[in-house]
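Open the model in your viewer and keep the sequence panel beside it. We will go from stop to stop, selecting a few residues each time.

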Amino acid sequence: SINNNSDRERQEMNKNFSILGMVFFLWGNITAFTSVLIIFFYQYFALSWQQSIWITVVFYLAPFLACLPCSRAIAWWGYRRMLLLALCGTAVGSLLLALALWRDAFLAALMAMFIVATGVAAMQVVANPYLALLSAPQRRISNLCLASAVNSLGTTLAPLVVALSLRLAPFDAVAREQPISLLWLAIALLSLLLSGAIIWFRLPDVA
């Protein structure tokens, strides 16, 4: 009976790590994805370099505005609800960004990028302590290190995905055709799938 309980606890912790590890992977993808898109926005919207760099400025400005309110929100709503809110916010921002690209609206794209960045900042605030608290005491450090490695894998793969997408479906400045909107839709879908996994597998909350 003790062995069965131990096996169930181990399976539960592995499930928790798998879901939260995908959260680390997601925000690693988004962060690297955004950094390599400056040249794309420069060409797509026919911007100056000063204007195109605002994509990155907005993305890294959001954490300064979102992190402290997010930490207070965790105290009110808990880790689980706050993570769901962060993922849903990221999904909404990604959908709005895809729409802004289709509508050729740069200011709308900036606003959507801020929403995405706020969701990513909230993920970072929630996921690190949440993973530590859902791990066995003797595995907390190793789980955080492994999750960081998964995050780094996301930052490595994202530029390759963007490069391959643009190579397979090159940007046409005349027809306004580009595959980047589809990539943002994929990010929105992954965010929603992770939200569904948190609900479906009943990821536990902690104090």
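Select D104 to begin. D104 sits in the loop between α5 and α6. Helices here are DSSP runs of H or I with at least four residues, strands are runs of E with at least two, and both are numbered from the N terminus. The phi angle of D104 is near 60 degrees, a positive value in a residue other than glycine. D104 is partly exposed, with a relative accessible area of 42%. Three words describe accessibility: buried is under 20% relative accessible area, exposed is over 50%, and partly exposed is in between, using a 1.4 Å probe and protein chains only.

Before moving on, note that this is a predicted model: local features need pLDDT of at least 70, side-chain atom pairs count only at pLDDT 80 or more, and totals for chains, interfaces and linings use all residues. Residues are numbered from 1 along each chain as its sequence is written, and side-chain values use heavy atoms, with hydrogens and water left out.

**Another loop**

Now pick A46. A46 lies in the loop between α2 and α3 (49-52). Here too phi is positive in a residue other than glycine, near 55 degrees. Is A46 buried or exposed? A46 is exposed, at 67% relative accessible area.

**The core**

Next, show F33, F41, L83, I180 and W184. These have the most contacts inside the largest nonpolar core, which has 59 residues. Such a core is a set of buried Ala, Val, Leu, Ile, Met, Phe, Trp, Tyr and Cys residues joined through side-chain atoms within 4.5 Å. Colour the helices that feed this core: α1 (2-35), α2 (38-44), α4 (54-77), α5 (79-103), α6 (106-133), α7 (140-168) and α8 each supply at least two residues. Which helix gives the largest share? That is α6, with 15 residues.

Zoom in on F33. Leaving aside neighbours within four places in sequence, F33 is in contact (heavy atoms within 4.5 Å) with A158, V162, I180, L183, W184 and I187.

**Along α8**

Select residues 180-200, which form helix α8. The expected span of a helix is 1.5 Å times one less than its number of residues. For the 21 residues of α8 that gives 30 Å, and the end C-alpha atoms are 30 Å apart, which agrees. Buried residues in α8 include I180, L183, W184 and I187.

A197 is also in α8. At 17% relative accessibility, A197 counts as buried. Not counting residues up to four places away in sequence, A197 touches I19 and R202. Measure in your viewer from A197 to T155: their C-alpha atoms are separated by 23 Å, and they are 42 residues apart along the chain. Just after α8, R202 takes a positive phi of about 55 degrees.

**Ring pairs**

Display the aromatic side chains. The whole structure has 10 aromatic pairs. Rings of Phe, Tyr and Trp (its six-membered ring) pair if their centres lie within 6.5 Å; planes under 30 degrees apart count as stacked, over 60 as edge-to-face, and the rest as tilted. Try F24 and W27: this pair is tilted, with 4.5 Å centre to centre and 35 degrees between the planes. The two residues are three apart in helix α1, so about one helical turn separates them. Both are buried. Then select F40, F41, Y44, F45 and F106, a cluster linked by ring pairs.

**One salt bridge**

Side chains of opposite charge can pair when their charged atoms come close. How many salt bridges does the structure hold? There is one. The term needs a side-chain nitrogen of Lys or Arg within 4 Å of a carboxyl oxygen of Asp or Glu. Select E12 and K15, whose side chains meet at 2.8 Å, N to O. E12 and K15 are three residues apart in helix α1, so they are about one helical turn apart. E12 is partly exposed, at 33% relative accessible area.

**Last stop: cysteines**

Finally, select C70 and C67. A disulfide is a pair of cysteine sulfur atoms within 2.5 Å. The whole structure has zero disulfides. For C70, the nearest cysteine sulfur is that of C67, 6.9 Å away. C70 is buried, with a relative accessible area of 5%.
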